[in-house]
Amino acid sequence: MKPEIRDKYEVVIGIECHVQLATKSKLFCSCDNDSREAEPNTNVCEVCFGMPGTLPVLNKRAVELAMRLGKALNYEYPEKLHTKFDRKNYFYPDSPKGYQITQFDEPIVGEGFVEFPLEGRTVRIGITRAHLEGDAGKLTHPEGKDYSLVDLNRAETPLVEIVSEPDMRTPAEAKGYAQELYNLVRYAGVSQANLYYGNMRFDVNVSVRLKGAKELGTRTETKNLNSFKAIERTVEYETRRQIVLVEHGDRVRQETRGWNDAKQQTYPMRSKEDADEYRYFPEPDLPPLVIPRAMAAAQGHFDFLPADLRVLLAKVGISPRDAEVLVGEPELARVWYEAHKLEPKHARFVFTWLAGPEIKLREDHGPESQLTPRILNQVAAMAAAGQLSSTNAKELLGLLRAHAADPSKLASERGLMQESNEGELAKIVEQVMADHPQAVADYRAGNQRAFGALVGASMKATKGKGNPPLINQLLKDRLG
Ligand SMILES: [Zn+2]
């Protein structure tokens, strides 16, 4: 597409995100919330199977986690929040009740916002609302067969659906917003947030309009994306597709679409229903909830959220780009945060390890590590005191990661300590000068290369453990 045509249009993007909450049991019964390993239709009971005459019992923990997420989304809870559940009526084989229990006009989370850095600026995306609901079951369509299979293990697992304002304008903003939600739910500890297992799924709404137009264009909703790349690509693809339609005088159909990852294309699934077609009405089997502000506040204590971490990292001189490497690793961010709290002066050293070798080691050997914030600080202190070269500090941390030990003792045993005793090194340097009179004479006659030879001989005499800057200084002092 020619840039001058593309530039005539503005893209408007909103995202709905389903987050599976990290409760033990499902939303309305005591079945396990995690049925990844279970055979189809074994993690079910009469309630989540939708038997007539059964009654749902609301999971208190799901309500608490939803409130915690609300705080992370910057929702200001009122003095008393009135929230209730509603029935969304539709027929589909993955929902045997014939309706979904969700929240319509009184959600558990109201207006908030999410902020994240992007290309040197801060992007703020409004949150319209977030509500609690039970998930549907799973349908599979066996290849070449004329039937479909229904698995209700996933039915009624607790979800929060986070609805954004249509505030995003570029594929990068859509991707950045989704990534920040991923960060937030992990920092807040409200979800396992495993994208592969669908713990977070994104529906992306895209429409285009001529720049300056007040009315929104007709939007499409591409459903069930579970990667940030797919979100970015979906926005790119829909933008192009819709602009071509409008340029040709055709109209964009309001519809639900899917994403074909192999073809890198969206495809039409069904025409979009309007809300009134669902005949929402208050769920008669669950009483409304009244939540006092203090109760919501009690769920919303965070040592730090991604935004706080970014501020701390900037304060110790970490660039925004480097900071994001650690921000994207909540477990390592926690280690850094604790180490920084104990000993702020080693914050950069600890960051360099965690955002570098540690991430690589986690990929290769798994997340188990014996490195505590205290040990990281101890090694940092040894490096700062000149007892460890940076190479040896890394080697020592690698050893300590696998087996807990006293850092100084292990460094001595493994011969990693750097000789920084000035008196000892001075003796060695003087001996080297006595042993190499020609090099000394050459240096004094102006041959700079002779200096390197003397440093080399001194390092050799210390078996490579001498502190190089100190040896340089001692030699310079004595050579005059
Ligand atoms: Zn159940």
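# Exercises on a predicted three-domain model

Let's start with the core: of the 100 residues in the largest nonpolar core, the ones touching the most other members are Ile 108, Leu 132, Ile 162, Tyr 177, Met 200, Phe 202 and Trp 336. A nonpolar core here is a set of buried Ala, Val, Leu, Ile, Met, Phe, Trp, Tyr and Cys residues joined through side-chain atoms within 4.5 Å. Buried means under 20% relative accessible area, exposed means over 50%, and partly exposed lies in between (1.4 Å probe, protein chains only).

This is a predicted model, in which local features need pLDDT of at least 70 and side-chain atom pairs count only at pLDDT 80 or more, while totals for chains, interfaces and linings use all residues. Residues are numbered from 1 along each chain as its sequence is written, and side-chain values use heavy atoms, with hydrogens and water left out.

## Exercise 1: the core

**Task.** Find which helix gives the most to the largest core, and work out where this core lies relative to domain 1 and domain 2.

**Solution.**
- Step 1. Helix 3 (residues 171–187) is the top contributor, with eight residues. Helices (H or I, at least four residues) and strands (E, at least two) are DSSP runs, numbered from the N terminus.
- Step 2. Domain 1 (3–297) and domain 2 (306–413) both supply residues, so the core lies between them. The domain bounds come from an automatic or database domain assignment.
- Step 3. Now look for a second core: a separate one of 19 residues includes Val 432, Ala 450, Phe 451 and Met 459.

## Exercise 2: helix 13

**Task.** Check the length of helix 13 (residues 422–435), then decide how its buried residues are arranged around the axis.

**Solution.**
- Step 1. The expected span is 1.5 Å times one less than the number of residues. For the 14 residues of helix 13 this should give 20 Å, and the end C-alpha atoms are 20 Å apart, which agrees.
- Step 2. Leu 425, Ala 426, Val 429, Val 432 and Met 433 are the buried residues of helix 13.
- Step 3. They cover an arc of only 125° around the axis, which puts them on the same side of helix 13. The arc is that of the directions from the helix axis to the C-beta atoms.
- Step 4. Lys 427 and Ala 434 are exposed on the other side of helix 13.
- Step 5. The buried residues of helix 13 pack against helix 14 (437–444), helix 15 (449–461) and helix 16 (468–479), where contact means heavy atoms within 4.5 Å.

## Exercise 3: helix 7

**Task.** Identify the buried residues of helix 7 (residues 320–327) and what covers them.

**Solution.**
- Step 1. Ala 323, Leu 326 and Val 327 are buried.
- Step 2. Seen down the axis, these buried residues fall within an arc of 100°, so they line one face of helix 7.
- Step 3. Their cover includes helix 3, helix 6 (306–315), helix 8 (330–342) and helix 9 (347–365).

## Exercise 4: overall form

**Task.** Compare the radius of gyration of the protein with the globule rule.

**Solution.**
- Step 1. The secondary structure comes to 16 helices and 15 strands.
- Step 2. The radius of gyration is 30 Å, well over the 23 Å that the globule rule gives for 480 residues, so the protein is more spread out than a compact globule. The radius is taken over C-alpha atoms, and the rule is 2.2 Å times the number of residues to the power 0.38.
- Step 3. The C-alpha atoms fill a box of roughly 95 × 55 × 55 Å, taken along the principal axes.
- Step 4. The centres of domain 1 and domain 3, taken over C-alpha atoms, are separated by 68 Å.
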